[in-house]
Amino acid sequence: MDNYFENKVVWITGASSGIGEALAYAFSFRGAKLILSSRNYDELDRVRQTCRTPENVKILTLDLSDIPSLEGKTSEAIACYGHIDIMMHNGGISQRSLVIETDLEVHRRVMELDYFSYVAITKTLLPHFTGRRSGHFVVTSSIMGKIGTPMRSAYAAAKHALHGFFDCLRAEISSDNIKVTILTPGYIRTNISLHALTKDGAKLGARSKNIDNGLTPGKAAVQILNVIKRGSFESYIGKFSGEKIVLWLNRIAPNMVIRKAVKLTPK
Ligand SMILES: NC(=O)c1ccc[n+]([C@@H]2O[C@H](COP(=O)([O-])OP(=O)(O)OC[C@H]3O[C@@H](n4cnc5c(N)ncnc54)[C@H](OP(=O)(O)O)[C@@H]3O)[C@@H](O)[C@H]2O)c1
């Protein structure tokens with residue numbers, strides 16, 4: 001095991017479950033110092049206790065939907081250890097509903113949480129990174145950040161927006177020695193579908209067969225740490241499957257992918 005992450009300060013949002021939780025264990029195992037964020041203190045504390053070195057883990061509760069609070073939360077995160085090396089933007093929700101039936105408010109909620117919260121934190125953290133001429137933004141997008149399928153309009157729009165924002169940011173700051181890595185995971189076995197918003201904002205409350213057959217969060221975390229270490233611009237995370245082929249095809253023959261998407265049954 002190399003020491004790339006040893007003593008690096010990593011702030012992870014969405015650290016109370018799923019991919020964020022698995023990332024906490026993987027970073028902690030490799031000697032990183034962590035700041036764990038989500039809304040649920042008790043769950044974050046459970047994750048902290050399970051980390052390899054709980055004494056090197058701090059908890060910062062926040063609500064990513066509360067955009068005005070995020071400037072102060074980012075300052076608190078920097079104050080935890082005096083600096084941050086890696087910003088792991090990961091917290092989020094999904095959505096399951098047809099465009100024709102979805103309240104505008106649901107589109108706004110998903111956009112606020114999955115897109116604007118990332119922008120707000122990034123804008124506050126950026127002067128800290130540029131001042132130190134060092135830092136790495138890692139962004140959990142999704143395969144839905146590259147393509148569009150039925151029932152995911154709000155989610156896919158927010159994830160596509162992340163690519164636009166962070167690709168531009170990368171182009172602006174790479175000469176300042178600041179890195180941007182965008183992850184486009186396929187199906188990862190988490191609770192994400194349980195919390196997905198439906199047409200009126202109610203939670204779906206159901207598991208998804210595809211997600212339950214996906215890669216385990218632990219294996220996803222190992223892939224993610226390798227991608228971060230390489231400093232990749234963008235990377236698929238998941239099983240070697242049809243999803244990876246779709247992403248590859250989308251680059252060279254996008255019309256072929258769109259033709260396939262319009263034949264999918266909404267679910
Ligand atoms: N699982 C997949 O198949 C998959 C595929 C592609 C991309 N992703 C992305 O991976 C990321 C993590 O999702 P996951 O699959 O690990 O799902 P998850 O297990 O449901 O985790 C979601 C995390 O986001 C946090 N969160 C939700 N709403 C929040 C809010 N308002 N304020 C602060 N934190 C909030 C949750 O914490 P609290 O509830 O404690 O606040 C939780 O820690 C998301 O960005 C998701 O879009 C997942």
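Contact means heavy atoms within 4.5 Å. The model used in these exercises is predicted.

**Exercise 1. Place S37 and describe its surroundings.**

Step 1: find the element. S37 sits in strand β2, which spans residues 33-37.

Step 2: judge the exposure. Buried means under 20% relative accessible area. S37 has a relative accessible area of 0%, so S37 is buried.

Step 3: list the contacts, leaving out residues up to four places away in sequence. S37 touches W11, I12, T13, G14, A15, L44, L60 and L62.

Step 4: look for a polar partner. A polar atom of the S37 side chain lies 2.7 Å from the backbone oxygen of L60. L60 is also among the residues that S37 touches.

Step 5: check a distant residue. G131 is 94 residues from S37 along the chain, and their C-alpha atoms are separated by 24 Å.

**Exercise 2. Determine which partners the buried side chain of E243 has.**

Step 1: locate the residue. E243 belongs to helix α9, residues 242-252.

Step 2: test for a salt bridge. The cut-off is 4 Å, from a side-chain nitrogen of Lys or Arg to a carboxyl oxygen of Asp or Glu. The nearest side chain of opposite charge, K239, is 8.6 Å away. E243 is buried yet has no salt bridge.

Step 3: turn to the backbone. The E243 side chain reaches the backbone nitrogen of Y187 at 2.9 Å.

Step 4: complete the neighbourhood. Not counting residues up to four places away in sequence, E243 touches I143, G186, Y187 and Y236.

**Exercise 3. Describe how the protein surrounds the ligand.**

Step 1: count the shell. The ligand is surrounded by 31 residues. The closest are S16, S17, R39, Y155 and T190.

Step 2: assign helices. α1 (18-29), α4 (104-132), α5 (153-173) and α6 (192-195) each supply at least two residues of this shell.

Step 3: collect polar pairs. A polar side-chain atom of S17 is 2.7 Å from a ligand oxygen. For K159, a side-chain N or O atom lies 3.0 Å from an oxygen atom of the ligand. I188 uses its backbone: an N or O atom there is 2.8 Å from a ligand oxygen.

Step 4: gauge the cover. On its own, the ligand has 890 Å² of accessible area, and the protein covers 94% of that.

**Exercise 4. Classify S153 and identify its contacts.**

Step 1: S153 is found in helix α5.

Step 2: its relative accessible area is 23%, so S153 is partly exposed.

Step 3: beyond four places in sequence, S153 touches Q95, V99 and H107.

Step 4: compare sequence and space. S94 is 59 residues from S153 in sequence, with 9.9 Å between the C-alpha atoms.

Conventions:
Residues numbered from 1 in each chain as written. Predicted model: local features only at pLDDT ≥ 70, side-chain atom pairs only at ≥ 80, totals over all residues. Heavy atoms only, no water. Helix = DSSP H or I, 4+ residues; strand = E, 2+ residues; numbered from the N terminus. Buried < 20%, exposed > 50% of the residue type's maximum accessible area, 1.4 Å probe, protein only. Polar contact = N/O pair within 3.5 Å; in protein donor to acceptor, adjacent residues only side chain to side chain. Lys, Arg positive; Asp, Glu negative; His and termini not counted. Near = heavy atom within 4 Å. Areas by Shrake-Rupley, 256 points an atom, 1.4 Å probe, with all protein chains shown as cover.
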